[in-house]
Amino acid sequence: MKRSIHIIIGIFLIAIIASCKKDYYETNFYVQNKCSVAIEVRMSAMIKYGHNYEEAFQRDIIDSNEIKLVREVEAVDDIKMKDVFTEFEIYKGSLKVKTDVMEINNWTKKIISENQIEYTYTVDNTNF
């Protein structure tokens with residue numbers, strides 16, 4: 001009898017733990033430039049090196065009518081931009097984009113497959 005109770009409790013605990021597990025997806029972030037000129041993207045992110053995290057900075061120029069992959073991560077479905085980037089700024093010349101790039105709702109989400117998601121931030125002249 002005690003053995004059956006232990007088995008039932010064990011199954012119950014496994015079910016609880018399994019239900020708390022979040023699914024991770026291959027998540028890609030793109031910037032699409034629909035401006036008539038090149039734009040500059042400045043971003044930083046915390047990158048794991050061994051057991052430590054270090055902030056890495058990146059600067060990219062994205063030509064007119066080009067889409068560029070800016071980050072690939074394994075992420076949960078309800079990701080927050082601060083979990084992906086510590087900073088993210090877009091410039092056209094000296095003009096900084098007016099919309100909040102760090103707000104995930106300003107990105108277009110596309111489910112590619114059951115384990116892959118893409119987010120695209122589209123920049124056009126109205127963003128400045």
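**Exercise 1.** By class, how many nonpolar, polar and charged residues does the lining of the largest pocket have?

*Solution.* Start with the model. It is predicted, so local features need pLDDT of at least 70 and side-chain atom pairs count only at pLDDT 80 or more, while totals for chains, interfaces and linings use all residues. Residues are numbered from 1 along each chain as its sequence is written, and side-chain values use heavy atoms, without hydrogens and water.

Step 1: define the pocket. On a 1 Å grid over the protein atoms alone, a pocket is an open set of points where a 1.4 Å probe fits, with protein on both sides within 12 Å along at least five of seven lines. Lining residues have an atom within 4 Å of a point.

Step 2: list the lining. It consists of Tyr 24, Met 46, Arg 71, Val 73, Glu 74, Ala 75, Val 76, Ile 79, Asp 83 and Val 84.

Step 3: sort them. Ala, Val, Leu, Ile, Met, Phe, Trp, Tyr, Cys and Pro count as nonpolar; Asp, Glu, Lys and Arg as charged; the others, Gly among them, as polar. The result is seven nonpolar, no polar and three charged residues.

**Exercise 2.** Find which strands each supply at least two residues of the largest nonpolar core.

*Solution.* Step 1: fix the terms. A nonpolar core is a set of buried Ala, Val, Leu, Ile, Met, Phe, Trp, Tyr and Cys residues joined through side-chain atoms within 4.5 Å. Buried means under 20% relative accessible area (1.4 Å probe, protein chains only). Strands are DSSP runs (E, at least two residues); helices are H or I runs of at least four.

Step 2: look at the members. The core has 26 residues, and Phe 29, Val 31, Phe 88, Ile 90 and Trp 107 touch the most other members.

Step 3: read off the strands. They are β1 (25-33), β2 (39-49), β4 (66-75), β5 (87-92) and β8 (116-123). β8 gives the most, with four residues.

**Exercise 3.** Is Thr 120 buried or exposed?

*Solution.* Step 1: locate Thr 120. It sits in strand β8.

Step 2: check the area. Thr 120 is buried because its relative accessible area is 17%.

Step 3: find its partners. Contact means heavy atoms within 4.5 Å. Neighbours within four places in sequence aside, Thr 120 contacts Tyr 30, Gln 32, Trp 107 and Thr 108.

**Exercise 4.** Describe the order of elements in the protein.

*Solution.* Step 1: count. There are one helix and eight strands.

Step 2: order them. From the N terminus on, they run α-β-β-β-β-β-β-β-β.

Notes: Buried means under 20% relative accessible area, exposed over 50%, partly exposed in between (1.4 Å probe, protein chains only).
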